[in-house]
Amino acid sequence: MIIGITGTLGAGKGTVVEFLKQKGFKHFSVRAYLIQEINKRNLPVNRDSMVMIANQLREMNSPSFIVEQLYEKAKQEQGDVIIESIRTTGEVEKIKEKRGILLAVDAEPQTRYSRIIIRQSETDNQTFEEFLADEKREMYSIDPTKQNLSACINKADFIIKNDKDFEHLKKQVEEIFEKIKEPQEIDFQKREVHQRPSWDEYFMKITSIVAERSTCLRHNVGAVIVKNKRIITTGYNGAVRNQKDCLELGCKKDELKLETGFGAEECRAVHAEQNAIAQAGIHGANIEGGTIFCTHIPCRMCAKQIINAGLKELIYYFNYEGSKDSLKLLQECGIKIKKISRPKDTIKFKD
């Protein structure tokens with residue numbers, strides 16, 4: 001079994017690694033690999049050096065180069081392995097390609113900062129303001145060779161919230177391990193384990209494929225409306241009909257320096273949920289009482305349309321910044337809400 005671990009600085013990734021090592025996993029660290037490369041170049045061991053060297057290695061080789069190097073080492077060891085500190089979408093894709101499982105660890109910024117102050121590693125000597133600035137720099141990027149923690153966390157199979165105590169974290173890891181453990185030995189070259197998806201997983205995977213049609217430069221968002229286990233309509237976020245999209249014109253919100261989750265009225269795109277509901281209207285499809293599957297939690301504007309369209313259930317896997325208001329409104333209006341794990345990128349079939 002291969003487990004990749006991503007997450008924010010100071011969230012507790014190392015503690016999760018220690019739990020899994022007790023289960024027999026062997027540990028391979030991107031951080032340790034980079035420190036070796038930094039020392040070879042006689043550079044100071046700090047976050048700036050780590051980011052610079054990591055970006056150089058990926059640009060010179062491939063977006064998944066570092067993980068590929070660690071994977072080759074893992075193959076020599078055999079057995080179950082952890083590859084820690086996944087930070088780019090290219091590295092995530094490589095983990096998924098190898099049929100691995102991705103865990104993300106996160107916690108509130110102040111909690112995480114207090115942890116790094118206590119541990120005082122060679123890269124942790126910084127103020128809270130510097131800590132936040134470093135994290136912001138590594139959180140988003142459209143370049144697959146550069147750090148994009150937000151996208152990595154979004155693509156995780158399981159997200160661990162580590163805002164409480166040690167025992168609470170351990171319990172979460174134990175529950176996840178029970179879900180993913182496999183009694184048989186896993187061949188690194190070929191892992192043939194068939195799990196038939198549930199209805200929710202089935203429709204959510206289709207929703208994720210719909211999202212690939214998105215023309216947004218920040219997020220690929222998809223929506224699928226289902227009634228009686230039958231797909232009624234689909235939608236993704238893209239420009240208004242007969243207008244140029246962001247792939248051609250660029251992101252207007254980037255131009256205005258607006259953060260994700262804010263300034264929706266400035267965006268060129270029609271949201272995925274709006275498009276799915278509009279398609280039902282165009283084709284005269286009855287969606288009342290149906291379920292809407294969304295890759296992301298709807299914004300407040302889309303939440304209002306979901307309510308008035310008569311939909312009764314929302315199933316999603318990723319939270320937008322500032323989504324609490326949407327959830328509260330949907331709950332107040334009697335919409336059933338369910339959050340599930342992000343579906344795997346791989347598609348399994350027998351020919």
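This passage describes a sheet, two helices and the aromatic ring pairs of a predicted model.

The sheet is open and built from five strands, which follow one another in the order β7-β6-β10-β11-β12 with mixed pairing. Its edges are formed by β7 (230–236) and β12 (336–339), each of which pairs on one side only. From one strand to the next, the twist averages 20°. Within this sheet, strand β6, comprising residues 222–227, is joined to strand β10, comprising residues 291–296, by four bridges, and the two strands pair in the antiparallel sense. A223 has C294 of β10 as its bridge partner. Helix α13 (residues 272–283) packs on the sheet, where it touches β6, β7 and β10. The direction of α13 makes about 130° with that of β7.

Seven aromatic pairs are counted in the model. Ring pairs connect W199, Y202, F203 and F293 into a cluster. F293 of this cluster falls within the residue range of β10, 291–296.

Helix α7 consists of twelve residues, 128–139. The distance from its first C-alpha to its last is 16 Å, close to the 16 Å expected at 1.5 Å a residue. F131, D134, E135, E138 and M139 are the buried residues of α7. These residues lie on the same side of α7, because the arc they cover around the axis is only 135°. In general, an α-helix has 3.6 residues a turn, so residues three or four places apart point the same way. On the face of α7 turned away from the buried side are E129 and K136, both exposed.

Helix α15 spans residues 324–332, and its residues S326, L327, L329 and L330 are buried. They are placed on the same side of α15 because they cover an arc of only 165° around the axis. The opposite face, turned away from the buried side, carries K324, K328, Q331 and E332, which are exposed. The packing partners of the buried residues of α15 are α14 (300–308), β11 (313–318) and β12. Of these partners, β11 and β12 are strands of the five-stranded sheet, and β12 is one of its edge strands. After α15 comes G334, which has a positive phi, near 85°.

Taken together, the sheet has α13 packed on it, in contact with β6, β7 and β10, while the buried residues of α15 pack against β11 and β12 as well as α14.

Methods:
Residues are numbered from 1 along each chain as its sequence is written. This is a predicted model: local features need pLDDT of at least 70, side-chain atom pairs count only at pLDDT 80 or more; totals for chains, interfaces and linings use all residues. Side-chain values use heavy atoms; hydrogens and water are left out. Two strands pair if DSSP finds at least two bridges between them. Axes are lines fitted to C-alpha atoms, for helices over the stretch in contact, and angles run from 0 to 180 degrees between N-to-C directions. Contact means heavy atoms within 4.5 Å. Rings of Phe, Tyr and Trp (its six-membered ring) pair if their centres lie within 6.5 Å; planes under 30 degrees apart count as stacked, over 60 as edge-to-face and the rest as tilted. The expected span of a helix is 1.5 Å times one less than its number of residues. Buried means under 20% relative accessible area, exposed over 50%, partly exposed in between (1.4 Å probe, protein chains only). The arc is that of the directions from the helix axis to the C-beta atoms.
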